[in-house]
Amino acid sequence: MLRNITTCLVGITLIGCAGCGAAVDQQDTKQPTGSADSDPSKAKIANSIPDYIDFLLDLDAKPDTKYPMSDAQKTILKRSRKSGSVSKPDYELAWSNYKQCVTGYGYTTPVLKQFSNGLYMIAMRDTTGMSDQQRWKFNEDENKCYNTEVIAVTGVYQMQIGNPGMLSDADQAMVDCLHKAGIVPKSYDKEAYKKDLDAHAKN
């Protein structure tokens, strides 16, 4: 069971992991949720992908946004809002724009790890030999590129794959995903998942 849980943790990235592998201090892409009428575990992040995209665009337009989205990322989101989802070509385009942004600062092209479900994660970069100031500058530049070019697009795309029900309860969303994949029996619930997750962490 632990091996199956590990596979899902790596292969299925939920919205809460939108920035995995990138520098910290990224903008929050999780929409505040209201309370569910009867079952809190069924509360949703948004009613639909277009609604969620609208939230992200509104969030980006706030004056205190540290890294406003590039025109390229906003164009992808607006196109996705119209179609109802982020397409694979647009997901790839956003990551390509991210790479170009990083190399535009004079760094080598970032290495991306791709999982079996098509999702990308930024591989850790070797900063050996960099001074503290150079490492800080690199993290700041890469963080800026991630936020301006790809964070919202990849957040929506990850939602489509890992949490199509758009549940705000990440644990319940993972359980639903495990059920859908046929990895666990129907009796497997959130409490069982938490126990397995704790065991995974200790292991």
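These exercises work through a predicted model of one protein chain.

**Exercise 1. The overall layout**

Task: State how many helices and strands the protein chain has, and in which pattern they follow one another.

Solution. Begin with the count: the secondary structure comes to eight helices and two strands. Next, read along the sequence, which gives α-α-α-α-β-β-α-α-α-α. Then turn to burial: of the 203 residues in the chain, 41% are buried. Last, take the contacts between residues at least 6 apart in sequence; 67% of these join residues at least 24 apart.

**Exercise 2. The span of helix α5**

Task: Check whether the end-to-end distance of helix α5 agrees or disagrees with its expected span, and find what the buried residues of α5 pack against.

Solution. Helix α5 covers residues 132–149, which is 18 residues. The expected span is 1.5 Å times one less than the number of residues. For α5 this comes to 26 Å, and the end C-alpha atoms are 26 Å apart, so the two values agree. The next step is to list the buried residues of α5, among them Phe138, Asp141, Cys145 and Tyr146. The buried residues of α5 pack against three helices and a strand, namely α3 (71–83), α4 (88–104), α6 (151–162) and β2 (120–122).

**Exercise 3. The disulfide**

Task: Find which cysteines form a disulfide and where in the chain they lie.

Solution. A disulfide is a covalent bond between the sulfur atoms of two cysteines. A search of the whole structure finds one. The sulfur atoms of cysteine 101 and cysteine 145 are 2.1 Å apart, which is within the cut-off of 2.5 Å. Now place the pair: cysteine 101 is in helix α4 and cysteine 145 in helix α5, 44 residues apart, so the bond links distant parts of the chain. The angle about the S-S bond is -75 degrees, and the link is left-handed. Both cysteine 101 and cysteine 145 are buried. Cysteine 177 also counts as buried, because its relative accessibility is 13%, under the limit of 20%.

**Exercise 4. Two packed helices**

Task: Decide whether α7 and α8 are roughly parallel or roughly perpendicular to each other, and name residues that meet between them.

Solution. Two packed helices are described by the angle between their axes and the distance between the axes. For α7 (residues 170–181) and α8 (residues 190–202) the angle is about 95 degrees and the axes are 9 Å apart. Angles of 65 to 115 degrees count as roughly perpendicular, and therefore α7 and α8 are roughly perpendicular to each other. On the α7 side, Asp171, Gln172, Met174, Val175 and Leu178 meet Lys190, Tyr193 and Lys194 of α8. Sorted by class, this contact has four nonpolar, one polar and three charged residues.

**Exercise 5. Two loop residues**

Task: Describe the phi of methionine 166, and find which residues arginine 125 is in contact with.

Solution. Most residues other than glycine have a negative phi. Methionine 166 is not a glycine, yet its phi is positive, at about 55 degrees. Methionine 166 is in the loop between α6 and α7 and is buried, with a relative accessible area of 5%.

Arginine 125 is in the loop between β2 and α5. With 24% relative accessibility, arginine 125 counts as partly exposed. Leaving aside neighbours within four places in sequence, arginine 125 is in contact with Val102, Tyr107, Thr108, Thr109, Pro110 and Phe138. For proline 110, the separation from arginine 125 is 15 residues in sequence and 7.7 Å in space, C-alpha to C-alpha.

Methods
Residues numbered from 1 in each chain as written. Predicted model: local features only at pLDDT ≥ 70, side-chain atom pairs only at ≥ 80, totals over all residues. Heavy atoms only, no water. Helix = DSSP H or I, 4+ residues; strand = E, 2+ residues; numbered from the N terminus. Buried < 20%, exposed > 50% of the residue type's maximum accessible area, 1.4 Å probe, protein only. Contact = heavy atoms within 4.5 Å. Axes fitted to C-alpha atoms, helices over the stretch in contact; angles between N-to-C directions. Parallel < 35°, antiparallel > 145°, perpendicular 65-115°, else oblique. Nonpolar A, V, L, I, M, F, W, Y, C, P; charged D, E, K, R; others polar.
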